[in-house]
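Please work through the exercises below with the sequence and the structure at hand, and try each task before you read its solution.

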Amino acid sequence: MKFLIFGALALFMMGCTTIDQSVDKTMEQWRALNNSKRTFEVKTAWVRQTTQKDNLGFRKINRMTPILAGTLVIQGNGMDGISAYGREDGQLKWHLPVKNGVEPSATLIRDRLFVGASDGNFYSIEASTGRVQWTFPTKSENLSEPLLDEGIVYFLAGNNVLYALDAATGRQVWLYSRQDTSVFSIRGGSKPAIKNGVIYIGFSDGSLVAFNAKSGAVTWELQLNRNKRFRDIDASPILDGDQIYIAGYDDKLYAVSAAKGEVLWRVDQGGYSSVTVAGDRIYYPTTTGEVLALNKSNGQKVWSFKVKDGIATQVKVFKGILTFGESQGRLQFLDANTGQVLGDMEPGRGILSAPQVDEKMDRVYFISGEANLYAIDAQWVRTIN
């Protein structure tokens, strides 16, 4: 009967040249009534240990965001390699051993997976089988997510060298090395962003630099983070229109002109992870343990959420809901408009990887601090009175 009522209303509204305000009011009342009869349910669909054996030594960093590749979910860990599992049931499909593991997130294009590893190599992998197509030696840990554009893969190695490689062969196109004299540095690295043939990326010396994507020539550079201890710009630059949003560790969030490299506005709270732009808002996880909702045009705060344990990962939008991990706590789900908690789950030993969302299946994937891959079902459920 509800279907017939809604169908009749839809036909009525389509056939009218003007919409009666009373109908609008009734629809709003129904929507409010429906919302009041729903609860947000979070439950574990499956969980898999991603390491081939238990880690009995010191804790490794597991922060690769899961990759969805057709019927597979691909996950690397910071200990012994990268594996693919069935998205539905979590059954192991293939495993690629990698010494010291895979820490950063990867980039997928069709059946090609590009990722840097802690063994000093950058990999091109056939996603469906786990077969290595080529490797490129960086002679350094690789801690940042790569970017693929027009057949070129760009990534920042752990020794502050930015590489551009031919994606088909692994041949080096160009490189840019930037020396950092600071004694202390945060473990991580910025993912490049690209627009109109210009690459933008942050470095551990606190600089944001723009490059010609074809030649590697510097277009402009801007010194942002000037902290005496940690100057890192490990967050990836997020492009929106002509603006770049990028955070410095224990520093500030900056809105920068992509064309001129000029600071447009700033927020006096630093960050490790990238911001998320959705509509007219920016969702920003800070190094002071907050998640901020900001006005995109000027950085004014709309609301804030205080993380109880550690700091938050990058925020992901999941059917109008925000989800993120806490480095020493839970997977959280928040109302995007208010910051109110809708649901959460405790995986143990925190979450350092930004979650991956699958809206078609109402599912969220992430790797925990213990290197366990979780598939979480999260959805609104009607409450029966």
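The exercises that follow concern a predicted model, and they treat two sheets and a pocket.

**Exercise 1.** Find which strands lie at the edges of the open sheet that has the order β2-β3-β4-β5.

*Solution.* Begin with the order itself, in which four strands are set side by side with antiparallel pairing. Next, look for strands that pair on one side only, and you arrive at β2 and β5, the latter covering residues 92–97. Then turn to the pair formed by β4 (residues 81–86) and β5, which run antiparallel and are joined by five bridges; Ser83 has His95 in β5 as its bridge partner. Finally, the angle between neighbouring strands of this sheet, with direction ignored, is 20 degrees on average.

**Exercise 2.** Determine how many bridges link β15 and β16, and which residue stands opposite Ile201.

*Solution.* First place the two strands in their open sheet, whose order is β14-β15-β16-β17 and whose pairing is antiparallel. The edges of this sheet are β14 (193–195) and β17 (218–223). Between β15 (residues 198–202) and β16 (residues 207–212) there are five bridges, and the residue opposite Ile201 is Val209 in β16.

**Exercise 3.** Describe the largest pocket by its volume and its lining.

*Solution.* Start with the volume, which is about 980 Å³. The lining consists of 44 residues, and those closest to the centre of the pocket are Arg63, Ser105, Ser273, Leu352 and Ala354. Two or more lining residues come from each of the elements β2 (67–69), β6 (107–109) and β18 (238–240). Sorted by character, the lining holds 22 nonpolar, 14 polar and eight charged residues.

Methods. Residues are numbered from 1 along each chain as its sequence is written. This is a predicted model: local features need pLDDT of at least 70, side-chain atom pairs count only at pLDDT 80 or more; totals for chains, interfaces and linings use all residues. Side-chain values use heavy atoms; hydrogens and water are left out. On a 1 Å grid over the protein atoms alone, a cavity is a set of points where a 1.4 Å probe fits but cannot get out, and a pocket is an open set with protein on both sides within 12 Å along at least five of seven lines; lining residues have an atom within 4 Å of a point. Grid points are joined across faces, edges and corners, and a volume is the space filled by probe spheres set on the points. Ala, Val, Leu, Ile, Met, Phe, Trp, Tyr, Cys and Pro count as nonpolar, Asp, Glu, Lys and Arg as charged, and the others, Gly among them, as polar. Two strands pair if DSSP finds at least two bridges between them. Axes are lines fitted to C-alpha atoms, for helices over the stretch in contact, and angles run from 0 to 180 degrees between N-to-C directions.
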